[in-house]
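Trainee: Could you take me through one part of this model up close? I'd like to see how a single helix sits among its neighbours.

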Amino acid sequence: MPFEKGDFLLVDYTVRVKETGNLVDTTDMNTAKQENMYDETRVYGPTLVVLGKGWINQFVEEEIMKMGEGEERTIEVPPDKAYGDRDPNKVKVYSLREFTKRGYEVKVGDIVETESGRGVVKSISGGRVVVDFNHPLAGKVLVYKVKVVRKLADAKEKLLYLAVRHLSIPGEELKVDFDEASKRVTVSLPGKYISRRDLPYAKISLATDILETFKDTVNEVVFQEVIARKTEQSQKS
């Protein structure tokens with residue numbers, strides 16, 4: 001049975017550049033480690049995709065809506081459905097002196113900021129610096145290997161995976177309570193994350209998403225950090 005906008009799906013995916021096989025993104029920890037793209041701040045495993053929110057490439061999302069639970073599919077995304085075609089007009093040449101005056105010692109591969117935006121230094125020769133302002137994946141065909149793990153139906157489970165996505169904290173470390181009578185959601189997280197700089201913004205982002213997504217059933221989102229005494233069991237683990 002096809003999915004619809006608003007459905008909560010747990011999805012596994014791996015994205016590669018078709019021409020080279022280079023890894024672009026993955027939800028699989030082992031793949032990320034094997035290809036030196038592991039990010040210790042990221043939560044790996046099936047990730048939440050709410051259809052219609054634009055959390056995954058639109059072309060891929062449209063294909064996912066035709067799939068079923070447990071189904072796996074390989075989807076090729078052409079440049080015009082991904083990061084667009086390469087635009088030669090976005091490759092610009094600057095005088096090396098322009099950068100040295102600003103105190104920059106540029107080298108090939110550096111990301112620089114100019115009036116045209118952020119670009120990558122492609123070459124330096126004869127006092128000239130060539131900067132490419134195209135997206136690194138412009139002109140590339142992307143290959144998504146996607147699996148719809150399952151569709152979420154329970155409200156508390158939906159709220160938990162929303163919390164995981166916004167807070168970047170593993171689900172087993174979070175506790176989400178939903179009081180239907182008071183229309184209150186309480187999100188409890190370990191105190192060890194209190195000092196994380198991005199946490200305040202992440203909490204605001206999560207609360208905003210919950211209030212928008214569950215506008216008829218949730219009126220209030222409460223956060224609490226739990227600092228617990230270490231037990232002998234926890235110290236062993």
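Mentor: Let's stay with helix α4 and work outwards from there. Keep in mind that this is a predicted model.

Start with the helix on its own. α4 covers residues 155–167. Its 13 residues should span 18 Å at 1.5 Å a residue, and since the C-alpha atoms at its ends are 18 Å apart, the expectation and the model agree.

Now look at which side chains are tucked away. Lys158, Leu159, Leu162, Ala163, Val164, His166 and Leu167 are the buried residues of α4. Their cover comes from several places, including the strands β1 (8–17), β3 (47–50), β9 (142–152), β10 (175–179) and β11 (184–190), along with helix α5.

Take α5 next, residues 199–213. Two packed helices are described by the angle between their axes and the distance between the axes. Here the axes of α4 and α5 come within 9 Å and cross at roughly 145 degrees, and the crossing is right-handed. On the α4 side, the contact is made by Leu159, Leu162, Ala163, His166 and Leu167. Facing them from α5 are Leu199, Ala202, Lys203, Ser205, Leu206, Asp209 and Ile210. Sort that contact by class and you get eight nonpolar, two polar and two charged residues. If you compare this with the burial list, Leu159, Leu162, Ala163, His166 and Leu167 of α4 appear in both.

Then there's the sheet. β10, β11 and β12 form an open sheet of three strands in that order, with mixed pairing. The edges are β10 and β12 (220–226), each paired on one side only. On average, neighbouring strands here are turned by 15 degrees against each other, direction ignored. Zoom in on β10 and β11 and you'll find an antiparallel pair joined by five bridges, with Phe178 standing opposite Val185 of β11.

How do the helices meet this sheet? α4 lies across β10 and β11, running at about 135 degrees to β10. α5 packs on the sheet as well, touching β11 and β12, and its direction makes about 145 degrees with that of β12. So to put the picture together, β11 is touched by α5 and is also one of the strands α4 lies across, while the two helices contact each other through the residues named above, among them Leu162 of α4 and Leu206 of α5.

Note on methods:
Residues numbered from 1 in each chain as written. Predicted model: local features only at pLDDT ≥ 70, side-chain atom pairs only at ≥ 80, totals over all residues. Heavy atoms only, no water. Axes fitted to C-alpha atoms, helices over the stretch in contact; angles between N-to-C directions. Helix = DSSP H or I, 4+ residues; strand = E, 2+ residues; numbered from the N terminus. Left-handed = near helix turned anticlockwise from the far one by under 90°. Contact = heavy atoms within 4.5 Å. Nonpolar A, V, L, I, M, F, W, Y, C, P; charged D, E, K, R; others polar. Expected span 1.5 Å × (residues − 1). Buried < 20%, exposed > 50% of the residue type's maximum accessible area, 1.4 Å probe, protein only. Pairing = 2+ DSSP bridges.
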